[in-house]
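Subject: Handover of a structure and what was found in it

Dear colleague,

Please find the structure below, with its sequence. An account of what was found in it follows, and I would ask you to read the account with the structure open.

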Amino acid sequence: MTGGFSPGRTPIRVRASGADDRVWIARAARDVLGSERQAYLGRGLFVVTEFPALVAEFDTAPVGFLAWEIEGEVAETLAIACTERRIGAGTALMVAFHELAANAGCRRLKVITTDTNAGARALYERLGYGIVEVRTGAVDECRRTLKPEIPPDMHDEIEYGRPLEVP
């Protein structure tokens, strides 16, 4: 399955992950993000399968996940990965996460990406996120102190955020 939607095919469906999804989420994180272990300078090293997640499905097959955390009134996307491109899975995951966060009473949304992830940056901006902070050299520091396998072309962390209207 590549490309977009086909007539007669089921649209993207998003659901909460279950215990049975952990293996797939770890494999998808390795395939798309390079590892199920991720690192942000302010958070340190973490494993995406240790957090709650949403799973996007297309024709009943998983095609993406979004690991998240809520602290107070801030809902943070910790990791998002889609194994199929250009079918709307990333957007569907983010929209479902916004709804989850609003229902939890959150007032702000937050996500961190890198300077080289143009696709993610475009998605966040399309969804109304703005740049909160650029942490120059933060990825270099993570590579040096936490995760040496981070690709050498990444250098900066970019934090995006947006307010969230609570229903």
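Gln 38 has Phe 46, in strand 3, as its bridge partner. A second such pair joins Tyr 40 to Gly 44, which also belongs to strand 3. Please note that this is a predicted model. Strand 2 and strand 3 (residues 44-47) are antiparallel and are paired through four bridges. The two strands make a hairpin, and three residues lie between them.

The main sheet

How are the seven strands of the open sheet ordered? The order is 1-4-5-6-7-9-8, and the pairing is mixed. Strand 1 (13-16) and strand 8 (130-135) are the edge strands, each of which pairs on one side only. From one strand to the next, the twist averages 25°. For a general point of orientation, side chains in a regular strand alternate between the two faces of the sheet.

Within this sheet, strand 6 and strand 7 run parallel and are joined by four bridges. Here Glu 76 is placed opposite Lys 110 of strand 7.

Helices against the strands

Helix 1 lies across strand 4 (53-58), strand 5 (61-71) and strand 6, and the helix runs at about 95° to strand 5. Helix 2 also packs on the sheet, where it touches strand 1, strand 4, strand 5, strand 6, strand 7 and strand 9 (157-163). The direction of helix 2 makes about 160° with that of strand 6.

Ala 92 is located in helix 2. Leaving aside residues up to four places away in sequence, Ala 92 touches Ile 12 and Val 14. Ala 92 and Ala 56 are 36 residues apart in sequence, yet their C-alpha atoms are 7.3 Å apart in space.

The loop between strand 6 and helix 2 contains Gly 88. Is Gly 88 buried, partly exposed or exposed? Its relative accessibility is 35%, and because partly exposed covers the range between 20% and 50%, Gly 88 counts as partly exposed. Gly 88 and Ala 67 are separated by 21 residues in sequence and by 17 Å in space, C-alpha to C-alpha.

The largest pocket

Empty space is revealed when a probe the size of a water molecule is rolled over the atoms. The largest pocket holds about 1100 Å³ of space. It is lined by 41 residues, of which Leu 33, Ile 80, Arg 85, Asn 117 and Ala 120 are the closest to its centre.

Which elements supply at least two residues each to this lining? They are helix 1 (22-33), strand 2 (37-40), strand 6 (74-82), helix 2 (89-103), strand 7 (108-114), helix 3 (118-126) and helix 4 (138-145). Helix 3 gives the most, with seven residues. By class, 23 residues of the lining of the largest pocket are nonpolar, eleven are polar and seven are charged.

Yours sincerely,
A colleague

Technical notes: Residues numbered from 1 in each chain as written. Predicted model: local features only at pLDDT ≥ 70, side-chain atom pairs only at ≥ 80, totals over all residues. Heavy atoms only, no water. 1 Å grid on protein atoms, 1.4 Å probe; cavity = no way out; pocket = protein on both sides within 12 Å on 5 of 7 lines; lining within 4 Å. Points joined across faces, edges and corners; volume = space filled by probe spheres on them. Nonpolar A, V, L, I, M, F, W, Y, C, P; charged D, E, K, R; others polar. Pairing = 2+ DSSP bridges. Axes fitted to C-alpha atoms, helices over the stretch in contact; angles between N-to-C directions. Contact = heavy atoms within 4.5 Å. Buried < 20%, exposed > 50% of the residue type's maximum accessible area, 1.4 Å probe, protein only.
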